[in-house]
Amino acid sequence: MYAQSFTWISSTEGNVWKEAEVKLQTKSNQAPVLKADANESIQTFKKWGTCFNELGWDALNMLSIDDQKVVLNNFFAPDGELKFSMGRIPMNANDYARNWYSCNEVPGDFKLNYFTIDRDKQTLIPYVKRALKVNPNMTFWISPWSPPSWMKVNHYYSVKSKAGVNQLPTQAEIALYERIENVDKKFYPKQVTENDYFIQDPRYLQSYADYFCKFVSAYQKEKIPVNRVMFQNEPWAYSIYPACAWTPEGIIRFNVEYLAPTLKKQLPEVQLYLGTLNTNRIELVDKILSDPRMKDAVEGIGFQWWGGQILPKIRKKYPNYKYMQTESECGSGTFDWKAAEHTFNLINHYLGSGCEEYTFWNAILCDEGTSGWGWKQNALVRVDSNTSSVIYTPEYYAVRHFSNRVVSGTKILQYKEKGEDKLPVMVFLTPDNKFLIVAGNFNDTPRQLTVQIRNKYLDVTVQGHSFNTFSMK
């Protein structure tokens, strides 16, 4: 515990993953930003993961077989660079599918006689199996972006219409919004649907619960271990791509009265988490969790996007749930260092706020990261389709500075948000009882970083716009 030496790994734009050695000091002239010992911890971390999307599979297949093996090993191998051991699988199409599809588009098929995962067998399942070949101990969780279109009040995969992007008529935007005057811009969404887009009829609700079980069972037959389910990706996203808006009442009804009991009857080993929650309007989430039946229905809660802003308050009020981050924010196809700093800060926030698992979005995309619905997003690895070459993006290194050293069983001891000084810092204790520090400097100039480790000090100057990992030898 009193080792004097740390391996210091630093990354700046164009100069990544450089190793040096630094020694702890017995005193420091600067006040430490954090003081850490091993007596208290925020959380014990479990897993890093990513979502398996069709466009990611297409990008991977632009590479040579040898390059594919290198990329997959870097992502998923237990001794790889990122050490991902968890996967998210979309049930039905998401916004990074090639186009819309579901496993059953036969209206009125409540018994799901026409349910099929044939589309998945062509894209997602081969992708997942490639990852499992690298790491056979991976686990997976699922969530839908939209139910089958016939189960929705508008009979269409999206919630909003947009000419040239989808074919939903404007008059089919039948959500009845709550009108809010002078709403603060910090709140998302500004208007809240008063209407569940999923049909609130018992036949539909029960059939959809059965649909989840059929999907999980179908993947298990493919030897893909799905051990967790979440009812909806972003129930407060009113989107032009696959989406489904829910009210708190509808969320409670489906999870408590249908999905939870159906899972317990058909697949008792599969966990149900409430997710993925994407609103910072805390009254909506609190309304759901305050229903006393929820604590028996769900084991954990998943947050992403604006939901992360209310995570600390929700966890404080409801400490008995497990918490996870379900989708790291995607950027806009810039693939630049600024986006990487944002990702670094998100990881720092979610882990420091008590999440025991963290899921990234697109691990790999080609060119500008354009979706089937026309926008651009970032990824950890970018493929140039003209040259079939691999580019490890700045965000890849932002992630690696955490995931390469923060392995399962690592305790999160203390953290500091970015703040005005733009110096996010986190202190861990690894399973082999060694301190680990991950810190960023988002300033244009070097900054002094001082962290007290028991009665000694890590006292270093970190470069501007840098990521840093200090690992006790």
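In this predicted model, domain 1 and domain 2 bury about 2300 Å² between them, with 65% of that area on carbon and sulfur atoms. Three residues of domain 1, namely Trp17, Gln43 and Phe467, supply 30% of the area that this domain buries against domain 2, which is more than any other three residues contribute. Counted by contacts, 29 residues of domain 1 meet 24 residues of domain 2.

As for the parts that meet here, the protein is divided into domain 1, made up of 1–43 together with 416–472, and domain 2, which covers 47–408. The C-alpha centres of the two domains are 33 Å apart.

The polar side of the interface can be described by two counts: there are zero salt bridges between domain 1 and domain 2, whereas eight residue pairs, with both partners at pLDDT 80 or more, are in polar contact across it. On the side of domain 1 that touches domain 2, two or more residues each come from strand 1 (5–12), strand 2 (15–23), strand 17 (425–429), strand 18 (435–441) and strand 21 (466–472). Strand 18 gives the largest share of this side, with five residues. Sorted by class, the side of domain 1 that touches domain 2 holds 14 nonpolar, eleven polar and four charged residues.

The record adds an annotation for part of the chain: in an unreviewed entry, UniProt lists residues 420–470 under "domain: Glycosyl hydrolase family 30 beta sandwich". In the model, the span 420–470 is 61% strand and 0% helix, and its end C-alpha atoms lie 23 Å apart.

How values were computed: Residues are numbered from 1 along each chain as its sequence is written. This is a predicted model: local features need pLDDT of at least 70, side-chain atom pairs count only at pLDDT 80 or more; totals for chains, interfaces and linings use all residues. Side-chain values use heavy atoms; hydrogens and water are left out. UniProt positions are given in the numbering used here, feature names are shortened, and annotations may be inferred rather than shown by experiment. Helices (H or I, at least four residues) and strands (E, at least two) are DSSP runs, numbered from the N terminus. Domain bounds come from an automatic or database domain assignment. Contact means heavy atoms within 4.5 Å. Buried area is the accessible area (1.4 Å probe) that two parts lose on being put together, summed over both. A salt bridge is a side-chain nitrogen of Lys or Arg within 4 Å of a carboxyl oxygen of Asp or Glu. A polar contact is a pair of N or O atoms within 3.5 Å; within protein, one must be able to donate a hydrogen and the other to accept it, and residues adjacent in sequence count only if both atoms are side-chain atoms. Ala, Val, Leu, Ile, Met, Phe, Trp, Tyr, Cys and Pro count as nonpolar, Asp, Glu, Lys and Arg as charged, and the others, Gly among them, as polar.
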